[in-house]
Each structure stands twice: as structure tokens, then as C-alpha cells.
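Good morning, everyone, and thank you for making the time. Please have the sequence and the model open beside you while I talk.

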Amino acid sequence: MLLFGDYHTHTKFSRNHHGKSTIEENVKVAVQKGLKEVGITEHGFDHIFFGVRRKNIKKMRAEIDRLNKIYPIKIYLGIEANLISSEGDIDLTEKEQKWFDYVVMGYHTFGKPKSIKEYFNFFRPNAKAYKKNSYTKEIIDANTNAYIKAIKKNRINIISHLGSKMKVDPVAIAKECLKTGTMIELNARRLCFSSEEAQNMVELGTTFVLSSDAHRCENVGECNRGMNFVIKNNIPLENVVNLDKLPKFVWRKDE
């Protein structure tokens, strides 16, 4: 199996040294490993510690445009947005979503809640449930509905590390993803759904994408955990957009 693209990587533009490498270093490694495409997806603006600064987006776009003229690989500018409310809000406005070639979205513990109410009613119960592994059906249903509302309200191309630190019903979310063409990530660092859930998602026709979630350039394209999950669970290769082929989709909705 050959990986053709890696669409979830971080660089030094994620604040506080969360990403360790430059955009060009990520690109060089992607080229060395034979990838045809690579995406740069810094943490969303409202991640308390690691969020990319809005003022740096034009600088990142200019750098990616420059590198696209030099290296034999297609380079995209994406972002890993944060789920910030139980109503499906993310830390990107509709206008800001158009700044990026595509949008990855996930829940992060240190995403900034949309309001104090969301902190107490959504973020805090999840943090307690995660710490004690004491998720109730009520919490899982609320989490699942938050993802579904986010998919309906926003341009989301990829759901990152689904179920990480926020337990959900992935099959219900996969059903909604089918309506919008949203892909579900098989993350090289965090895979949080079971084999049974994966099989149910496959039966629906879910589209998966392998990603490294690299924070160092040497990890770009390293998706062995996701590949092993595909093999172990007999996930058809046609359901994985970047294995043995280039994805057949257009990232931007306005193109």
C-alpha cells in the first residue's frame, strides 16, 4: 500500500513550539517519502495554547505558493479548527473558512469554549467524564449531536481523531458525513473507535483519510497505525481516499 497524500501536519506556526519544523521542512520530507500531496493544518485560532495567529495566515499562504513553484508536490493550506460549543460552533467564521483550501475539525481539551455557559455545560462535563472514564449516554448523545450540528453548519472536509477525549457515537456522525462528503480521519497518533464501529462505518460507505498528525517533519507521511487499522479491519481500499491513489475531490466548496 502506498500513501499518496498527508493532509494533517503541523509546523512552527502553531504557537508555543507545538510544531517543531518549518513548512518547507515538512514539504521536503513529504517529497523524500514519495508523497504527491501534503497539507499544512495548524491548530485553530481559539486553541488556548497552540492556535495559529490570524495575522500569520497570509504569510503561510505566500510561503506555500512559493514552495509550490519549487517542489514536485502539491501543497495545501488547511487548518485544524476546534469544536467550541454543543451547538456545533467552530473557531472559524464563514469568511475565515474561505481562507483555507480545506478545513479539518476536531475537539481539543484546550479549545476555548464559545461562552461561559458552554464551559460549564459542555466542556467541563466532558473533562470530568474523560478523567474518570465515566461517560453517560446523555453526555455521549450531546457530544454526537455537537459534531452533527458542526458538520451541518460549517464547511468541514475532515473530522480529526474522532472520539479523542470526547466520546461519541461515530456511526451516527459517519451518517451525517456521507451527506456532506466529509471524511473521517484515521489518525496515526489517536484512533478512538472500535473494530465493530469501523465495520458499521464501512457498511455505510464512509470515506476515510489516513493522516500523520505530524508535529515534527520526520513524522510527515508516517501513518502506520492507520494502515494497520485498515488491514486489521478489512477496510476496502476504495474507502480510503489517499491509499494507492490521489483523492478525487475538490477541497474548496467555491471552486
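I will go through the sheet, then the salt bridges, and then the surface patches.

Before anything else, please keep in mind that this is a predicted model, and what I describe should be heard with that in mind.

Let me begin with the sheet, which is open and is formed by seven strands in the order β1-β2-β3-β4-β5-β6-β7, with parallel pairing. At its edges stand β1, residues 5–6, and β7, residues 208–211, and each has a single partner strand, so one side of each is left without a neighbour in the sheet. As a general reminder, strands of a sheet pair through backbone hydrogen bonds, either parallel or antiparallel.

Moving inward, strand β2, which covers residues 37–43, pairs with β3 in the parallel sense over seven bridges, and if you want one contact to locate on your screen, Ile40 has Leu77 in β3 as its bridge partner. Strand β3 itself, residues 74–82, is then joined to β4 by five bridges, again with the two running parallel, and here Asn82 is the residue standing opposite Gly106 in β4. As for how covered β3 is, eight of its nine residues are buried, which in this analysis means under 20% relative accessible area.

On the other side of the β3 pairing we come to β4, residues 102–106, which is linked to β5, residues 158–159, by two bridges, and these strands also run parallel. The partner of Val104 across that pairing is Ile158, while Met105 stands opposite Ile159.

How many of the residues of β4 are buried? The count is five of the five, so β4 is largely enclosed by the rest of the structure. In a regular strand, the side chains alternate between the two faces of the sheet. In β4, Tyr102, Val104 and Gly106 point one way, whereas Val103 and Met105 point the other way, and all of them are buried.

Let me turn to the salt bridges, of which the structure holds 12, and I will take three of them in some detail. In one of these, the side chains of Glu24 and Arg66 meet at 3.2 Å, N to O. This pair links distant parts of the chain, since Glu24 sits in helix α1, residues 23–32, and Arg66 in helix α2, residues 57–68, with their positions 42 residues apart in the numbering. Arg66 counts as partly exposed, because its relative accessibility is 37%. Salt bridges with shared partners also bring Glu63 in, joining Glu24, Glu63 and Arg66 into one network.

Another salt bridge is formed by Lys114 and Asp89, whose closest N and O atoms are 3.2 Å apart. Here too distant parts of the chain are linked, with Lys114 in the loop between β4 and α4, Asp89 in the loop between β3 and α3, and the two being 25 residues apart. Are these two partners buried or exposed? Lys114 counts as exposed, at 53% relative accessibility, whereas Asp89 counts as buried, at 15%.

The third pair I chose is Arg189 with Asp213, where the closest N and O atoms are 3.6 Å apart. Arg189 lies in the loop between β6 and α7, and Asp213 in the loop between β7 and α8, so the pair ties together parts that are 24 residues apart in sequence. Arg189 is partly exposed, with a relative accessible area of 43%, while Asp213 is buried, at 1%.

Finally, we come to the surface, and to two patches on it. The positive patch is formed by Arg124, Lys128, Lys131 and Lys132. Of its members I will single out Lys132, which belongs to helix α4, residues 116–132, and which is exposed, with a relative accessible area of 65%.

The nonpolar patch is formed by Met1, Ile231 and Leu237, which together have about 260 Å² of accessible area. Met1 is placed in the segment before β1, and at 44% relative accessibility it counts as partly exposed.

To close, if you take one picture away, let it be the parallel, open sheet of seven strands, with β4 in it largely enclosed by the rest of the structure. I am happy to go back to any part of this.

Definitions and conventions:
Residues numbered from 1 in each chain as written. Predicted model: local features only at pLDDT ≥ 70, side-chain atom pairs only at ≥ 80, totals over all residues. Heavy atoms only, no water. Patch = residues over 30% accessible without salt bridge, like charges linked within 9 Å, V, L, I, M, F, W, Y side chains within 5 Å. Areas by Shrake-Rupley, 256 points an atom, 1.4 Å probe, with all protein chains shown as cover. Salt bridge = Lys/Arg side-chain N within 4 Å of Asp/Glu carboxyl O. Lys, Arg positive; Asp, Glu negative; His and termini not counted. Charge placed at Lys NZ, Arg CZ, Asp CG, Glu CD. Helix = DSSP H or I, 4+ residues; strand = E, 2+ residues; numbered from the N terminus. Buried < 20%, exposed > 50% of the residue type's maximum accessible area, 1.4 Å probe, protein only. Pairing = 2+ DSSP bridges.
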